[in-house]
Amino acid sequence: MLFARKTRDSAPERPSPAVIHELVEIAEYISHLRQEIAALRANEITRDRIPMAHEELGNVLEATAGATNRIMASAEEMLSLPEDADYRVNVEAKIYEIFEACAFQDITGQRISKVVEALRQLELRLARFANAVKARDESGVDPSEADRLGRAERLLLNGPQIGGPATSQDDIDALFA
């Protein structure tokens with residue numbers, strides 16, 4: 001027997017029922033943990049989902065930059081059009097180019113939706129795993145993360161705000177009055 005101990009004068013000792021029970025619980029926990037690790041499908045995440053998210057975001061950046069350049073070029077060309085008999089026709093043609101360039105929003109929305117779904121799947125899998133192993137975050141703040149967040153806050157350009165503008169339109173208009 002695995003747990004049997006033998007002394008010189010006695011028969012091998014059997015493990016106590018409490019020890020057997022504890023070993024069974026450990027074996028069940030290890031089995032459950034293996035199932036949860038398999039459910040993460042970490043290879044799928046690193047092989048498929050994360051590279052897809054990188055590619056889709058790269059495509060969004062390219063599409064956005066290309067559309068912005070087309071819009072700017074069309075607007076600049078509109079400003080330099082001669083005011084002759086064909087002016088309205090030429091301006092309308094440039095406006096249609098701008099409308100066409102603005103179609104990037106639909107494609108970028110689709111691509112960003114794919115990335116959001118990949119991240120949601122990753123979040124769900126990690127949450128399930130963390131719950132299964134009763135993982136708890138360390139207390140305190142990681143110093144490198146605190147530095148990164150502080151730097152990001154200092155460099156923030158105050159672009160679009162979640163939940164609405166940080167500065168009201170009236171305040172902005174007052175700057176130009």
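Just after helix 4 comes Lys134, and its phi angle is positive, near 55 degrees. That is one small detail of a predicted model, and helix 4 is a handy place to start looking around.

**Helix 4**

Helix 4 covers residues 104–132, which makes 29 residues. At 1.5 Å a residue it should span 42 Å, and its end C-alpha atoms do sit 42 Å apart, so the expected and computed lengths agree. Which residues of helix 4 are buried? They are Thr108, Val115, Ala118, Gln121, Arg125 and Ala132.

Glu117 belongs to helix 4 too. With a relative accessible area of 32%, Glu117 counts as partly exposed, because the buried class ends under 20% and the exposed class begins over 50%. If you trace the sequence from Glu117 to Ala53, the two are 64 residues apart, yet their C-alpha atoms are 9.3 Å apart in space.

**The chain as a whole**

Zooming out, the chain has six helices and zero strands. Read from the N terminus, the order of elements is simply α-α-α-α-α-α. Out of 177 residues in the chain, 13% are buried. The exposed area comes to about 14,700 Å², with carbon and sulfur atoms supplying 58% of it.

How do the contacts spread along the sequence? Take the contacts in the chain with a separation of 6 or more: residues 24 or more positions apart account for 64% of them.

**Salt bridges**

How many salt bridges does a search of the whole structure find? It turns up six. Here are three of them, with the N to O distance for each.

| Pair | N to O distance |
|---|---|
| Glu56 and Lys114 | 3.6 Å |
| Glu77 and Lys94 | 2.3 Å |
| Arg88 and Glu92 | 3.0 Å |

Let's take them in turn. Glu56 and Lys114 form a salt bridge, with their closest N and O atoms 3.6 Å apart. This pair ties together distant parts of the chain, since Glu56 is in helix 2 (residues 42–79) and Lys114 is in helix 4, 58 residues apart. Is each partner buried or partly exposed? Glu56 is buried, at a relative accessible area of 10%, while Lys114 is partly exposed at 45%.

The Glu77 and Lys94 side chains also meet in a salt bridge, at 2.3 Å from N to O. Again distant parts of the chain are linked: Glu77 sits in helix 2 and Lys94 in helix 3 (residues 87–101), with their positions 17 residues apart. Here Glu77 is the partly exposed partner, with a relative accessible area of 35%, and Lys94 is the buried one, at 14%.

The bridge between Arg88 and Glu92 stays within one element. Both residues lie in helix 3, four residues apart, or about one turn of the helix. An α-helix has 3.6 residues a turn, so residues three or four places apart point the same way. Arg88 is exposed, with a relative accessible area of 61%, and Glu92 is partly exposed, at 30%. Elsewhere, salt bridges with shared partners join Glu56, Arg111 and Lys114 into one network.

**An aromatic pair in helix 3**

Helix 3 has something else to show. The structure holds one aromatic pair. Tyr96 and Phe99 form it, in an edge-to-face arrangement with 6.4 Å centre to centre and 70 degrees between the planes. Why call it edge-to-face? Planes over 60 degrees apart get that label. The two residues are three apart in helix 3, so about one helical turn separates Tyr96 and Phe99. Are these two rings' residues buried or exposed? Tyr96 is exposed, with a relative accessible area of 55%, and Phe99 is exposed as well, at 54%.

**A nonpolar patch on the surface**

One last stop is a nonpolar surface patch of about 390 Å². Val19, Leu23, Ile26, Tyr29 and Ile30 make up this patch. Ile26 lies in helix 1, which runs over residues 17–40. At 41% relative accessibility, Ile26 counts as partly exposed. That value fits its place in the patch, because patches are made of residues with over 30% relative accessible area.

How values were computed
Residues numbered from 1 in each chain as written. Predicted model: local features only at pLDDT ≥ 70, side-chain atom pairs only at ≥ 80, totals over all residues. Heavy atoms only, no water. Patch = residues over 30% accessible without salt bridge, like charges linked within 9 Å, V, L, I, M, F, W, Y side chains within 5 Å. Areas by Shrake-Rupley, 256 points an atom, 1.4 Å probe, with all protein chains shown as cover. Salt bridge = Lys/Arg side-chain N within 4 Å of Asp/Glu carboxyl O. Buried < 20%, exposed > 50% of the residue type's maximum accessible area, 1.4 Å probe, protein only. Expected span 1.5 Å × (residues − 1). Contact = heavy atoms within 4.5 Å. Phe/Tyr/Trp six-rings, centres within 6.5 Å; stacked < 30°, edge-to-face > 60°.
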